[in-house]
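Got the viewer open? Let's take a short walk through it, one selection at a time.

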Amino acid sequence: MPSISDNSPDPKVPRHIAIIMDGNGRWAIRRGLPRLAGHRAGTENLRRIIEACVEFGIHYLTIYAFSTENWGRPPEEVSGLMRILEDVIDRELNELHKEGVQLRHIGRLERLAPHLQEKVLHAIELTKHNDRLVLNVAFNYGGRDEIVLAIQRMIRDGVAAEDVTDELVSRYLFTAGVPDPDLIIRTSGELRISNFLIWQAAYSEWYITPTYWPDFGKDELKKALDAYAQRERRYGKVSIED
Ligand code: IPE
Ligand code: IPE
Ligand code: MG
């Protein structure tokens, strides 16, 4: 099993996959269930996808779990999503730790209840030396918020205008030290970025599927990886065939 320090990655396999886990609500409504049942089903699926990523040799997985805009949902849904995060940590942390998953958080923790913040920090601390898969959980995350925060911190640090570079900005983001996502998957068919990794996605490949997140299993992930392997990433240059 390759580890994160593996320095001869296969260019056909994405090193970093990011997923906009969308469609939980519609999955539930279609079954006549409350939206929160869809979110619970979504977390069940997450466990399968994490296992599959470990198996496929992915080094970094970033998942969009709660956006800065999701606070605008009905209060029962927001509090339900908070409870689900807490339950997932309680239920899955030991297993994830055993599997060698390193948990990280991107976004702002401050707005979460203090006991939930503690749970997240404990999970990060416990797993910080694991190196099979880095799992970045985007929770209370917004791409614009991340950039605003980076600018504020650069100004506070007294960074001179001429020292502001691509690399420096990247180092001030929540994702500092993490390579940009090679592949971004969005489930449920929406064709938009919804404030996710707007800086880091500059040259990411996209895979969009109509499948709702709770139904996006290992086979679909494999399809996304196969599609990725066919892509030619040109980064604004010309094709090597030309
Ligand atoms: C994605 O599913 C999960 C979160 C945003 C928390 P949605 O809840 O957005 O599901 P749809 O888009 O309404 O179906
Ligand atoms: C994006 O999905 C956020 C997450 C998956 C956490 P949304 O359902 O919130 O996005 P929009 O509102 O359809 O753009
Ligand atoms: Mg949605």
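Select Ser188 first: it is buried, with a relative accessible area of 7% (buried means under 20%, exposed over 50%, partly exposed in between, using a 1.4 Å probe and protein chains only). Ser188 sits in the loop between β5 (183-186) and β6 (205-208); strands are DSSP runs of E, at least two residues, numbered from the N terminus. Check its backbone: phi is positive, about 80°, although Ser188 is not a glycine.

A word on the ground rules: this is a predicted model, where local features need pLDDT of at least 70, side-chain atom pairs need 80 or more, and totals for chains, interfaces and linings use all residues. Residues count from 1 along each chain as written, chains are lettered from A and ligands numbered from 1 in the order written, and side-chain values use heavy atoms, leaving out hydrogens and water.

Stay in the loop between β5 and β6 and click Ser194. Its phi is positive too, near 45°, but Ser194 is partly exposed at 27%.

Now show ligand 2. Ser194 is among the residues around it, as are Tyr64, Phe66 and Arg192 (each has a heavy atom within 4 Å). Strand β2 (residues 60-67) gives the largest share of this shell, three residues.

Which side chains put an N or O atom by a ligand oxygen? Try Asp22, at 3.2 Å from an oxygen of ligand 2, then Arg186, at 3.4 Å, and Asn70, with a polar side-chain atom at 3.0 Å. Finally, turn on the surface: the protein covers 78% of the 390 Å² of accessible area that ligand 2 has on its own (Shrake-Rupley method, 1.4 Å probe).

Methods: Helix = DSSP H or I, 4+ residues; strand = E, 2+ residues; numbered from the N terminus. Polar contact = N/O pair within 3.5 Å; in protein donor to acceptor, adjacent residues only side chain to side chain.
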